[in-house]
2 protein chains.
Amino acid sequence: MTPQSQAAFRALADPTRRDILMMLRGQEMTIAEVAENFDMTRAAVKKHLTVLSDGGLITVRAAGRERINTFDPGGMAPVLDWLSAFDAFWDDRLAALRNAIEEDGT
Amino acid sequence: MTPQSQAAFRALADPTRRDILMMLRGQEMTIAEVAENFDMTRAAVKKHLTVLSDGGLITVRAAGRERINTFDPGGMAPVLDWLSAFDAFWDDRLAALRNAIEEDGT
DNA sequence: TTGACATGATACCATTTGGTATCGCACGGT
DNA sequence: ACCGTGCGATACCAAATGGTATCATGTCAA
């Protein structure tokens, strides 16, 4: 129940943010590039990106006047960590997954 | 992006609801029993339970005038299913987990 | 330098959300 | 039969959320 964990769960609760994560999975994108894929203003998209950043699911770096948003797989760890509390229902395989991710050290 | 999936993510976004799930993991509980563990009214707890039910994470059955709330592991499946889109970052182990859960047929 | 443009920062708005208070009802124990 | 109580339903509230509009700023290019 770390604040980190809460921020990650909150970030994943919105379908737009989950879609953004799917996009960023394969490639880095600027705010404007992300916004092109949605029917909303850049300001709204930037808000979502801020929430994703707060949740540790993406990192943002400045490149001149642009902000490059990058997916951060490590941000998923707190979520999977919480889910692992339900291992008993799933034959302990989730715990193995979590450990594997942590070992990757992404 | 099924409505089922969205409801599950939304249900997991609140820390109180996640705590409730943790409690129900080991034992069924009535609304009042759940409420005893929180500093809020039964009405508020019941609202959370309704959200959890909408998300398919618990099932509710009537027993006289009481409602027995039971954890439903199958409700996690849409969440893990979505997370599996990020397999490439985690050495494909999440997909294996998801398949294992679906085979369990819980 | 000057203009174009991506972003940041505010201010503002409608809706949703988490919560309380209150009422009524159905059920169970005595 | 009756009373207590577990629950559902409703009304209501403050705060958070998702969104827009607008303006300021920094940076790239000509």
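Let's start with the sheet in chain A: 3 strands make an open, antiparallel sheet in the order β1-β3-β2. β1 (29-30) and β2 (58-63) of chain A stand at the edges with a single partner strand each, so one side of each has no neighbour in the sheet. For the words I'm using, strands (E, at least two residues) and helices (H or I, at least four residues) are DSSP runs, numbered from the N terminus, and two strands pair if DSSP finds at least two bridges between them.

A quick word on the source: this is a predicted model, where local features need pLDDT of at least 70 and side-chain atom pairs count only at pLDDT 80 or more, while totals for chains, interfaces and linings use all residues. Residues are numbered from 1 along each chain as its sequence is written, chains are lettered from A and ligands numbered from 1 in the order in which they are written, and side-chain values use heavy atoms, leaving out hydrogens and water.

Back to the sheet. How many bridges join β2(A) and β3(A)? There are 6, in the antiparallel sense, and A62(A), for instance, stands opposite R67(A) in β3(A). β1(A) and β3(A) pair over 2 bridges, again antiparallel. Have a look at N69(A) in β3(A): it is the bridge partner of V60(A), and also of M29(A). Between β2(A) and β3(A) is a hairpin with 2 residues in between, and G64(A) in the turn has a positive phi of about 65°.

Now find R67(A) again, this time with the DNA. A polar side-chain atom of R67(A) is 3.0 Å from a phosphate oxygen of DNA strand C; a polar contact here is a pair of N or O atoms within 3.5 Å, and within protein one must be able to donate a hydrogen and the other to accept it, with residues adjacent in sequence counting only if both atoms are side-chain atoms. A32(A) uses a polar backbone atom, 2.9 Å from a phosphate oxygen of the strand. K47(B) has a polar side-chain atom 2.2 Å from a base oxygen of DNA strand C.

Which element gives the largest share of the surface near DNA strand C? That is α4(B), with 4 residues. Near means that a heavy atom of the residue lies within 4 Å. By class, this surface has 5 nonpolar, 4 polar and 10 charged residues. Asp, Glu, Lys and Arg count as charged; Ala, Val, Leu, Ile, Met, Phe, Trp, Tyr, Cys and Pro as nonpolar; the others, Gly among them, as polar. Of the strand C atoms within 4 Å of the protein, 73% belong to sugar or phosphate and the rest to bases.

Next, helix α2 (residues 15-26) of chain A. Its buried residues, meaning under 20% relative accessible area (1.4 Å probe, protein chains only), include I20(A), L21(A) and L24(A). At the start of α2(A), a side-chain oxygen of D14(A) comes within 2.8 Å of the backbone nitrogen of T16(A).

Last stop: the largest cavity. A cavity is a set of points, on a 1 Å grid over the protein atoms alone, where a 1.4 Å probe fits but cannot get out, and lining residues have an atom within 4 Å of a point. Residues from both chains line this one, among them F9(A), L83(A) and F9(B). Its lining has 7 nonpolar, no polar and no charged residues.

Technical notes: 1 Å grid on protein atoms, 1.4 Å probe; cavity = no way out; pocket = protein on both sides within 12 Å on 5 of 7 lines; lining within 4 Å. Buried < 20%, exposed > 50% of the residue type's maximum accessible area, 1.4 Å probe, protein only.
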